[in-house]
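Hi there,

Here is the structure I promised to pass on. Have a look at it first, and then read my notes underneath.

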Amino acid sequence: MSTPEPAPKQVSVLDLARKKEQGKLITMLTAYDYPTARAMDAAGLDVILVGDSLGMVVLGYSSTLPVTMEEMLHHCKAVARGASRALLIGDMPFLSYQVSIPEAVRNAGRFLQEAGMGAVKLEGGQEMVPTIQGIVTAGIPVMGHIGLTPQSVHKLGGHKPQGRTARAAKRLLEDAQALQVAGCFALVLESIPARVAGLISQRLTIPTIGIGAGSDCDGQVLVTHDLLGLFDRFTPKFVRKYASFYEEMARAFEAYRLDVEKHSFPAPEHTVDLPEPEWQALLTSLEEPERKPARDFT
Ligand code: KIV
């Protein structure tokens, strides 16, 4: 009798630190549902982020600001059912961690306790240090996120690259160092100059994961709907598209509509058959006058 394959070992925050030490790159993508999580696990991704980009690419909001804790947890649970190997990170939505530290700790804990995540991510620099310390003290690993932080889109004046002056770049380095000291196990660097991201990555001991931050980060992340060409509203400049699923979906839906309209679907092979004798018996029984049940006068 063959012994069953051992379950693959789940990636931990320590594995990510080890990868940085060994100069191996970390791979991360976003997922919001069960089949995507399964496919990413099968593809050997290190990290799956259930990003609050969910709001834009799946729920159709115009920014990430309307996303709620309940929406995030709903999608995190689906992802957790699909993935058993990758480290799963839940993105804390707007106002779930900015109001007070106890509220932030409680909300961060829900990602682990209710939704099967292994860590949380939150946006912001030095101003977030006390909150991160509170969450980490509760035993919850935190990934930081600096540079273009979409929850601050109104403060930043749009989805614009950050750190493009010496002063702003120095501030990013200081933020990164403060988040490392606060206890973050890794940092997302979004939409900042490659040279600045490279410098931050060199100066930190924790891994950096870049998105629009060049190739000198310790790992890379993309929003999966951008990579798959599933989100047709816009594609950021830093995305490499590996497929055009939106066009492919629209093509398949139209082909289905035409097949139904011209009676070519369903075909015999999609149809459940009733054997001829049973069919005849049914027709005969329908021709017989309906027999009334005998009345019982006892
Ligand atoms: O919400 C998200 O998908 C993210 C990634 C872009 C890092 O924060």
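Below is what I found, starting with the overall fold and then moving to one strand and its neighbours.

Please keep in mind that this is a predicted model. Its eight strands close into a barrel, in the order S1-S2-S3-S4-S5-S6-S7-S8, with parallel pairing. From one strand to the next, the twist averages 25 degrees. On the sheet packs helix H4 (residues 69–82), which touches strand S2 (47–50) and strand S3 (87–91). The direction of H4 makes about 155 degrees with that of S2.

The strand I would look at next is S6, residues 186–190. How many of its residues are buried? Five of the five are, so the strand is mostly covered. Ala186, Val188 and Glu190 point one way from S6, while Leu187 and Leu189 point the other way. Do note that Glu190 is among the buried residues.

S6 has a parallel partner on each of two pairings. Strand S5 (residues 142–147) is joined to S6 by five bridges, and His145 stands opposite Val188 there. Strand S7 (residues 208–211) also runs parallel to S6, with four bridges between them; here Leu189 has Gly210 as its bridge partner. Helix H9 (residues 194–203) belongs to this part too: together with S6 and S7 it makes a right-handed β-α-β unit.

Going one strand further, S7 pairs with strand S8 (residues 219–222) in the parallel sense over two bridges. In S8, Gly219 is the bridge partner of Ile209.

Happy browsing, and best wishes!

Note on methods:
Residues numbered from 1 in each chain as written. Predicted model: local features only at pLDDT ≥ 70, side-chain atom pairs only at ≥ 80, totals over all residues. Heavy atoms only, no water. Buried < 20%, exposed > 50% of the residue type's maximum accessible area, 1.4 Å probe, protein only. Pairing = 2+ DSSP bridges. Right-handed = clockwise from strand over helix to strand, strands pointing away. Axes fitted to C-alpha atoms, helices over the stretch in contact; angles between N-to-C directions. Contact = heavy atoms within 4.5 Å.
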